[in-house]
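Hi there,

Here is the structure I promised to pass on to you. Have a look around it first, and then read my notes below.

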Amino acid sequence: MPDSQPQPPHSSSPSGPAGRGSLLLSGARLADGRTVDVRLHDGRIEAVGTAGSLTTARPPGTGTRVDLSGYLLLPAPAEPHVHGDTALTADAPGPVSYDPQDVQRRATEAALLQLGHGATALRAHVRVGDVPGLGALTAVLRARRTLRGLAELTTVAMPRVLTGAAGADGLAMLRDAVKMGADVVGGCPDLDPDPAGYVEAVLTMAGEHGRPVDLHTDAADPARLARLAAMAGGLRPGVTLGPCHGLGRLPADVAARAADRLAAAGVTVVCLPQGACGALDHRDGTAPVRLLRAAGVRVAAGSGALRDVSNPVGRGDPLEAAFLLASRHGLRPEDAYDAVSAAARRALGLPEVRVEAGFPAELLAVRGDRLAGALSLAYSRIVVHQGRVVARTSAVREYGDSTTATDLDLPRQGRGERGDRP
């Protein structure tokens, strides 16, 4: 593949300051095996060349250089399914607090945790109505402003009931949530007495306001799923379903027909390899990823619960999700990583990222030289958002006084000399 050539500057993303000079990522290894320099400017990849061929900026000396020797450089992951309003509450005594300050702190901390893992864009599903009212959404929107320039945080409004007499308040709350700034209209039709009516209400609201749709369903009822797919088919700017783990409990032929219907409807399925979320009762299983992909369904992967009552040990790590897709579901490492990066970005309506000139500078550098190894031992990471480094995680591995690793020229996680002590 030829080197990418320098491109004219592009305008920075509106979410924060990106144009602060150039950043040169030197000596990085790409997934195709090349070792390259990558120059970033104004939130974009300006040039990609062979190692040692690029300078930091025009004129020289005005940019910053980061040595990525020993790192694999990848398009950054995106997180299509996180519950920031309830994150990090597993050890809290009593009911979850929906005090706006508590929610804002949790949502911000959860987003920063996932940013450290590499996710530069996140979609937070936020409960509206009932106990939190609109307070949780208000708090997550404040967190979004706090995170500007570090990560892109979008919100999904999640009402509980939308049909019948009880649903009138939910509909009013959902309408107010959209007016407040919720980016996506969502919900869980499985929890409503009239699931089809719930879906119709969500689709109508989304159509009126030009919003995407993101619905929680376990997809365990094939007839209900068929109706949902028929109703959602063709809606623009798009429909996402998840986690759809109930498909895995259906007979193979029934699940295959359901997958065909989802493919025909053009919806995206977001699976949760690390565990289900609080909106659904079932914690076991993951959507049949290979079956869905074989049918032509667009499949992305998210994290789901992040150390709340649904999953008290959730990590919110997209590379762990990719690892599980490869190790438990038989996907090639490249396809598994695509599910948490390119496919996840498409699910969020974000532009494509490649390590080529002209593409957004949303990147993740992971210690390692092959994707399979990076998914297995992704300890050290450097995260780039809008063309600047926004997070670093460093790991150092040492083995006492042994000289075996050095004598055999084995790879090391750290850069310390032999004989260094912690």
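Let me start with the cysteines. This is a predicted model, and a search for disulfides in it gives a count of zero. A disulfide would need two cysteine sulfur atoms within 2.5 Å. Take C244 as an example: its nearest cysteine sulfur belongs to C271 and is 9.3 Å away, so C244 is in no disulfide by that cut-off. Is C244 buried or exposed? C244 is buried, because its relative accessible area is 0% and the limit for buried is under 20%. C188 also counts as buried, at 3% relative accessibility.

Now for the chain as a whole. It has twelve helices and 16 strands, and 53% of its 422 residues count as buried. Its accessible surface comes to about 17,900 Å², with 51% of that belonging to carbon and sulfur atoms. If you take the contacts between residues at least 6 apart in sequence, 72% of them join residues at least 24 apart.

A good strand to zoom in on is β10, residues 213-217. How many of its five residues are buried? Five of the five are, so by the limit of under 20% relative accessible area this strand is mostly covered. In a regular strand, side chains alternate between the two faces of the sheet. In β10, V213, L215 and T217 point one way, while D214 and H216 point the other way.

β10 also has partners on which you can practise tracing a sheet. Strand β9 (residues 184-187) runs parallel to β10 and is joined to it by three bridges; G186 has D214 as its bridge partner there. Strand β11 (residues 239-243) is parallel to β10 too, with five bridges between them, and in β11 the partner of D214 is T240. Follow the chain from β9 through helix α4 to β10 and you have a right-handed β-α-β unit.

Last, the nonpolar cores. The largest has 82 residues, and L241, L247, L262 and L292 have the most contacts inside it. Helix α4, residues 195-209, gives the most to this core, with seven residues. Another core, of 21 residues, lies apart from it and includes L30, I45, V48 and Y71. To see one residue's surroundings, click on L247: leaving aside neighbours within four places in sequence, its contacts include D218, A219, L225, L262 and L292.

Enjoy exploring, and write back with any questions!

Best wishes

Key:
Residues numbered from 1 in each chain as written. Predicted model: local features only at pLDDT ≥ 70, side-chain atom pairs only at ≥ 80, totals over all residues. Heavy atoms only, no water. Core = buried A, V, L, I, M, F, W, Y, C linked by side-chain atoms within 4.5 Å. Buried < 20%, exposed > 50% of the residue type's maximum accessible area, 1.4 Å probe, protein only. Helix = DSSP H or I, 4+ residues; strand = E, 2+ residues; numbered from the N terminus. Contact = heavy atoms within 4.5 Å. Pairing = 2+ DSSP bridges. Right-handed = clockwise from strand over helix to strand, strands pointing away. Areas by Shrake-Rupley, 256 points an atom, 1.4 Å probe, with all protein chains shown as cover.
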